[in-house]
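Work through the exercises below with the sequence and the structure side by side. Try each task before reading its solution.

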Amino acid sequence: MVKPEEKQILNLPFTGISTYGKYPICADLDELDADVAVIGVPNDMGTQWKSGARMGPRGIREGSTLYSFGLDGAYDIENDVMYLGPDWKVVDCGDVDIVHGDLMQSHENTEASIRKIVSKGAMPVILGGDHSITAAVGKGLEELGPFHVIQIDAHLDWADHRSGQRYGHGSCIRRLSEMDHVKDIFQFGIRGISSSLKEDVEAARDYGCTILSPRQIRKKGIEEVIAQIPKGEKYYVTIDIDGVDPSIAPGTGTPSPGGFLYDEVNELLEGIAARGEVVAFDIVEVAPPYDPTGITGQTAARISLDLLSYTLKQKERKSKKEKEFASQQ
């Protein structure tokens with residue numbers, strides 16, 4: 001029997017408050033002091049079909065608790081590496097204030113929150129919400145630019161407008177392309193009928209986008225695909241959960257058969273993190289009402305924790321090399 005003075009709080013996944021990864025809370029962005037700031041944007045007013053992604057941040061947070069044992073890091077048995085160690089300060093900053101019925105005010109609030117996080121020197125990790133939030137996030141990341149955008153998604157999201165609405169979830173990547181601090185755009189996972197109008201695809205190609213479906217990526221191989229991304233530069237990664245096949249992530253408003261499997265996304269993200277510097281990323285379109293099992297939120301949580309793990313590990317390696325070089329001078 002464990003003596004009382006030897007007891008520790010076990011902090012099992014089903015206990016306590018469901019913050020992202022069960023990391024501590026920062027309730028005031030003005031007081032933010034962290035390496036990574038996770039923030040939810042529960043806005044789904046940009047959807048064109050099924051809403052519900054406003055509950056995505058909660059679903060992802062709940063799913064993330066499974067991977068939160070102890071907060072002393074996570075051991076990857078396949079790579080024999082420890083990730084997310086205690087030297088990194090990660091906090092959950094809660095959610096952007098969303099004004100019901102006012103899409104543009106909610107986008108402005110999102111942009112302001114991201115700008116604040118950037119000004120505090122923390123890396124933003126954003127939990128959506130529908131994909132319309134990415135345009136606002138991209139504006140908020142201006143001071144981190146210029147950067148390339150890497151999108152994992154079933155849909156191109158290059159519509160100019162829908163009956164005058166220019167900031168819905170089908171327009172977000174086109175809005176990013178209009179920002180001076182955005183460079184090349186890579187769109188992986190794009191597939192199926194009704195993803196975009198032919199003229200939207202042509203406009204994206206005219207911009208210079210690299211557009212690849214899961215089948216095309218499988219034929220090329222992930223190493224060849226990663227090699228197309230400019231090396232050693234900055235990246236903003238935006239992940240729509242419908243880029244993943246609905247057989248493993250059914251809880252989304254616009255599911256599309258033929259998507260990536262988890263291992264494929266994992267390998268892509270590991271390659272991206274090793275290729276350059278991920279300055280921020282989002283994961284969007286998780287809609288828990290369509291998935292009573294909760295596996296979509298759990299998959300999204302795992303994908304986001306994977307990318308965060310790979311990104312921070314690259315920072316550790318870079319810092320180690322810099323210290324070794326300095327000691328040799």
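**Exercise 1. Find how strand 1 and strand 5 pair, then place them in their sheet.**

Solution. Strand 1 (residues 36-41) runs parallel to strand 5 (residues 123-128), and six bridges join them. Two strands count as paired if DSSP finds at least two bridges between them. Strands are DSSP runs of E, at least two residues long, and helices are runs of H or I, at least four; both are numbered from the N terminus. Take one position: Val-38 faces Val-125 in strand 5. Now widen the view. The open sheet has eight strands in the order 4-1-5-10-9-6-7-8, with parallel pairing. Strand 4 (90-95) and strand 8 (210-212) are its edges, each pairing on one side only.

The model is predicted: local features need pLDDT of at least 70, side-chain atom pairs count only at pLDDT 80 or more, and totals for chains, interfaces and linings use all residues. Residues are numbered from 1 along each chain as its sequence is written, and side-chain values use heavy atoms, without hydrogens and water.

**Exercise 2. Check the length of helix 8 (residues 262-275).**

Solution. Count 14 residues. The expected span is 1.5 Å times one less than the number of residues. That gives 20 Å, and the end C-alpha atoms are 20 Å apart, so the two agree.

**Exercise 3. Is Tyr-75 buried, partly exposed or exposed?**

Solution. Locate Tyr-75 in strand 2 (residues 74-76). Apply the cut-offs: buried is under 20% relative accessible area, exposed over 50%, partly exposed in between (1.4 Å probe, protein chains only). Tyr-75 has 49% relative accessibility, so it counts as partly exposed.
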